[in-house]
Amino acid sequence: MIARRAFLGGALALPVALGLSACNSSGDSSIAKQAKAGDDKNYISGDGGIEQLGADKRGKPVKLTGKLLDGTPWSSEKDAAGKIVVINVWGSWCPPCKEEMPALQKAWESFQPKGNIVMIGVDRQEGPETAAAYLKTVGVTYPSLQDDGGAALVALQGKATATPSTLVLDTQHRIAARVSGPTTTATLTGLVQDVVSKG
């Protein structure tokens, strides 16, 4: 598979379109335009764009470490060795993040029986108590890393510039796919299945 950046057709077209509308009520959510807007919303939302990378186009493995919201140390090398990893960058202060949470939880529930997929959030710009309380309220059961001042974002190799962003790492923990902006259950499960089937 060659590297490609596209809105996926077929079964994923509708979820992608829904992601666009949830993220962009004003009609233009380009990252550059948002950065210049000066509207004090304190985050840059993506446009729902999907990027997939063929196995020969992926970079170095992501080495993600930190503390979970309860203070437990977590490392992708130790706690997700040999598994596909889904990473979602989020914050409870971010409306598109809150909108996509039920879809992420549903996707996580579908991944759990397989045993070869790990899902983890990367919380941003808030304390762990606030984040944990929010996740409990909305019924999210996959773990999240505490905000660490941006070290996790550096580890994600510049592929999580929008909030929310979702990355799919292959079993070597190289970035195989990402969604810049909110996603849906169908889109995320489709991206993960593509990594499972094609490597």
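A crossover is right-handed if, with the strands pointing away from the viewer, the path from the first strand over the helix to the second runs clockwise. In the predicted model described here, this condition is met by strand β5, helix α4 and strand β6, which together make a right-handed β-α-β unit. The helix of this unit, α4, spans residues 95-111. The two strands, β5 (residues 84-90) and β6 (residues 117-123), run parallel and are joined by 7 bridges. Within this pairing, Ile84 of β5 has Ile117 as its bridge partner in β6.

Strand β5 is mostly covered, with 7 of its 7 residues buried. Both of its faces are covered. On one side lie Ile84, Val86, Asn88 and Trp90, and on the other Val85, Ile87 and Val89, all of them buried. Besides its parallel pairing with β6, β5 pairs in the antiparallel sense with strand β8 (residues 165-169) over 5 bridges. In this second pairing, Ile87 stands opposite Leu167, and Val89 has Ser165 as its bridge partner in β8.

Strand β8 is likewise mostly covered, 5 of its 5 residues being buried. Ser165, Leu167 and Leu169 point one way from the strand, whereas Thr166 and Val168 point the other way; all are buried. An antiparallel pairing of 5 bridges links β8 to β9, and here the bridge partner of Val168 is Ala177 of β9. The hairpin formed by β8 and β9 has 5 residues between the strands, and His173 in this hairpin takes a positive phi near 70°.

The loop between β8 and β9 also contributes to the charged contacts of the model through Asp170. A search of the whole structure finds 5 salt bridges. One of them is formed by Asp170 and Arg58, with the closest N and O atoms 2.8 Å apart. Because Asp170 lies in the loop between β8 and β9 (175-180) and Arg58 in the loop between β2 (49-52) and β3 (65-67), the pair ties together parts that are 112 residues apart in sequence. Both Asp170 and Arg58 are buried. The side chain of Asp170 also meets that of Arg174 in a salt bridge, at 3.0 Å from N to O, and Arg174, like Asp170, is buried.

A further salt bridge joins Lys198 to Asp194, the closest N and O atoms being 3.2 Å apart. Both residues belong to helix α7 (residues 185-198), and because they are 4 residues apart, they are separated by about one helical turn. The two partners differ in accessibility: Lys198 is exposed, with a relative accessible area of 56%, whereas Asp194 is buried, with a relative accessible area of 16%. Elsewhere, salt bridges that share partners join Glu51, Lys159 and Arg178 into one network.

Helix α7 packs against α4, the helix of the β-α-β unit. The angle between α4 and α7 is about 40°, and their axes are 8 Å apart. The two helices are therefore oblique to each other, since an angle under 35 degrees would count as roughly parallel and one of 65 to 115 as roughly perpendicular. The crossing in which α4 passes α7 is right-handed.

Key:
Residues numbered from 1 in each chain as written. Predicted model: local features only at pLDDT ≥ 70, side-chain atom pairs only at ≥ 80, totals over all residues. Heavy atoms only, no water. Buried < 20%, exposed > 50% of the residue type's maximum accessible area, 1.4 Å probe, protein only. Pairing = 2+ DSSP bridges. Salt bridge = Lys/Arg side-chain N within 4 Å of Asp/Glu carboxyl O. Axes fitted to C-alpha atoms, helices over the stretch in contact; angles between N-to-C directions. Parallel < 35°, antiparallel > 145°, perpendicular 65-115°, else oblique. Left-handed = near helix turned anticlockwise from the far one by under 90°.
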